[in-house]
Amino acid sequence: MSKPSVKPSRPFFSSGPCAKRPGWSLSALDQALLGRSHRATEGRARLKEVITRSKDVLGIPADWRVAVVPASDTGAVEMVLWALAGGERGMDVLSFESFSGTWAQDLRDVLKIEDLRVHEAPYGRLPDLSAVDWSRDVVLTWNGTTSGVRIPNADAIPAEHEGLVICDATSAAFAMDLPWDRLDIVTWSWQKALGGEAAHGMLAISPRAAARLAEASPRPLPKIFRLANKKGLMEAVFEGDTINTPSMLCVEDALDGLRWAESVGGLEALKARSQASLAVVAEWVEKTDWVSFLAELPETRSCTSICLKISAPWFEELAPETQSKVVKHLTGLVAQEGAGYDLASYRDAPAGLRIWGGATVNAEDIQALLPWLDWAYECTREEFSA
């Protein structure tokens, strides 16, 4: 099979940090507030602008509080779990890929929560949502970044629920509808759907969640996790007064991504861009005999972290460690040609491919990538299937 003649203009398909927005260059950071304190009036104003623009683009209710927090989405999720788990209610947690599995492991093995129920499913599936007890606090991941499986809609979540619904939305925010009226705590990071830089997280909390977080934690918390003190909720954190020192260079980059999102038409346009990428991949998978979606049900397929498995019989018969070598070889060929980078599945996931299809990726670049995957597959099959 001959090499394709066209390469993606922007061959960046990593699932984090993700592709920068179209047209991005270092000049977007020219106005970064460097050499100044993040606590100065100007610094706090930039951080507050990130909060305000995020609320506007995502359609977060006006009475919700939003904060910039440390350590990316992981930090945002863990500061909530450490503050709430083992408190007034038992917890249900959904575990169906690497990161949701980490939240379950943290609750079970690290925090050692006694009243904990883990609803598990293998890669490619969702747990039974009908088995969740919404009178308890529930921890769920809206989109499995490492499995390409997403919660399709909010139907399983009661409009009225006694517990708090804690939602890790890091690869769903800015690409999917989030049911703010049925969630209570939502987290995401800058490095996903808007292509921001890493190490900073975002936390959004409803009034009910704010009341719970203002209460005493069931355990001592390090400073970096504290959202409350003896006086109650630390309201300044939700006005741009961060817990620790953020990178003002990253803040400027986050603002650039948010302004771009507004310029292209806001959330509806971002969702449409991501869905267009998924549609391109779905059309290719339909006519390609060696690859399939990892997500078993079409309605649960992610439009951001598009995860694929190699379904050719010769590949499926290989030992797992050999499968990983095959994928490394295949994706390495594509990278060597400059046709696509960071295309292998996550290290804990089944060996396969993962193509980021968030809003900062152009669908035509994915269209140009796919013939290169076919070419690399044929080269790899000749190498390994003998």
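Here are a few points to look at as you get to know this predicted model.

1. A good place to start is the open sheet of three strands, ordered β12-β13-β14 with antiparallel pairing. Its edge strands are β12 (291-293) and β14 (352-356), each of which pairs on one side only. From one strand to the next, the twist averages 30 degrees.

2. Now look at how β13 (residues 305-310) meets β14: five bridges join them in the antiparallel sense. If you want a landmark here, find L308, which stands opposite L353 in β14. Helix α6 (residues 266-287) packs on the sheet and touches β12, β13 and β14. The direction of α6 makes about 135 degrees with that of β12.

3. Another helix to find is α9 (residues 363-384), lying across β13 and β14. Relative to β14, helix α9 runs at about 165 degrees.

4. Next come some backbone details. Most residues other than glycine have a negative phi, and most peptide bonds are trans. Against that background, the bond joining G16 and P17 is a cis peptide bond, with omega about -10 degrees. You will find P17 in the segment before α1 (41-58).

5. K112 has a positive phi, near 55 degrees, and is not a glycine. Look for K112 in the loop between α3 (98-110) and β3 (116-120). With a relative accessible area of 59%, K112 is exposed.

6. D342, also a residue other than glycine, has a positive phi near 60 degrees. Its place is in the loop between α8 (320-336) and β14. Is D342 buried or exposed? The relative accessible area of D342 is 56%, so D342 counts as exposed.

Methods: Residues numbered from 1 in each chain as written. Predicted model: local features only at pLDDT ≥ 70, side-chain atom pairs only at ≥ 80, totals over all residues. Heavy atoms only, no water. Pairing = 2+ DSSP bridges. Helix = DSSP H or I, 4+ residues; strand = E, 2+ residues; numbered from the N terminus. Axes fitted to C-alpha atoms, helices over the stretch in contact; angles between N-to-C directions. Contact = heavy atoms within 4.5 Å. Buried < 20%, exposed > 50% of the residue type's maximum accessible area, 1.4 Å probe, protein only.
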